Amino acid sequence: MIYLTRRERFSSAHRMFRQGLSDEENMKIYGKCSNPQWHGHNYVLKVTVKGEVDTVTGYFMNATRLRDILQEKVIVKLDHKNMNLETDFMAGKVATTENLAMAIWQELEDALAKEGAILHCVRVEETENNYVEYYG
């Protein structure tokens with residue numbers, strides 16, 4: 001089994017809040033990340049796929065194809081966008097890094113499977129100190 005990881009970057013704004021709660025209640029739960037005027041991050045996304053190496057091609061997935069799928073399914077929907085308002089796969093979700101990682105997984109899983117790749121890990125780095133890894 002071989003593992004291939006692709007790194008992408010995107011900048012995105014968000015606000016962590018739960019509909020139906022007051023601004024005060026949201027601030028108590030999410031702190032400054034619940035600023036009603038939004039805030040943003042320069043995220044790093046690392047997606048790891050796995051598969052068996054083809055003896056003819058020498059790889060199981062073309063890294064350029066992986067890049068293209070990540071761009072189409074994820075990056076164009078998040079980069080320089082407000083993920084709460086503009087990103088379809090985050091609609092109705094609290095915009096935490098945990099929910100973002102799980103939503104990215106769902107966005108990618110079928111497209112990667114069609115390429116013969118098994119999704120292994122989605123890692124979302126919100127800051128240099130905080131990241132989430134999701135293994136499905």
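V94 is a buried residue, with a relative accessible area of 7%, and it offers a convenient place to enter this predicted model. The residue is found in the loop between helices α3 and α4, and, once its neighbours within four places in sequence are left aside, V94 is in contact with M16, F17, R18, Y30 and N99. The C-alpha atoms of V94 and H14 are separated by 9.3 Å, although the two residues stand 80 residues apart along the chain. Because buried means under 20% relative accessible area, the value of 7% places V94 in that class.

From this loop we can step back to the whole chain. Four helices and five strands make up its list of elements, and, read along the sequence, they follow the pattern β-α-β-α-β-α-α-β-β. Along the principal axes, the C-alpha atoms fill a box of roughly 60 × 25 × 25 Å. The chain has 136 residues, of which 40% count as buried, and among the contacts with a separation of 6 or more, 66% come from residues 24 or more positions apart. The chain exposes about 7900 Å², with carbon and sulfur atoms supplying 47% of that area. As for charge, there are 17 positive and 20 negative side chains, and the centres of these two sets lie 2 Å apart.

The helix that follows the loop of V94 is α4, which runs over residues 97–114 and so has 18 residues, reaching 26 Å from its first C-alpha to its last, close to the 26 Å expected at 1.5 Å a residue. Even so, α4 bends by about 35° at L108, and L108 is itself one of the buried residues of this helix, which also include T97, L100, A101, A103, I104, W105, E107, A111 and L112. An α-helix has 3.6 residues a turn, so residues three or four places apart point the same way. What covers the buried residues of α4 includes the strands β1 (2–14), β2 (39–51), β4 (118–125) and β5 (131–134), together with the helices α2 (63–78) and α3 (83–86). Just after α4, G116 takes a positive phi of about 85°.

Further along the chain, the loop between β4 and β5 holds E128. Is this residue buried or exposed? E128 is exposed, because its relative accessible area is 77%, and the cut-off for that class is over 50%. The C-alpha atoms of E128 and N42 are separated by 9.7 Å, while the two residues are 86 residues apart along the chain.

Key:
Residues are numbered from 1 along each chain as its sequence is written. This is a predicted model: local features need pLDDT of at least 70, side-chain atom pairs count only at pLDDT 80 or more; totals for chains, interfaces and linings use all residues. Side-chain values use heavy atoms; hydrogens and water are left out. Helices (H or I, at least four residues) and strands (E, at least two) are DSSP runs, numbered from the N terminus. Buried means under 20% relative accessible area, exposed over 50%, partly exposed in between (1.4 Å probe, protein chains only). Contact means heavy atoms within 4.5 Å. Accessible areas come from the Shrake-Rupley method with a 1.4 Å probe; for residues, only the protein chains shown count as cover. Lys and Arg count as positive and Asp and Glu as negative; His and the chain ends are not counted. The place of a charge is taken as NZ of Lys, CZ of Arg, CG of Asp or CD of Glu. The bend at a residue is the angle between axes fitted to the seven residues ending there and the seven starting there.
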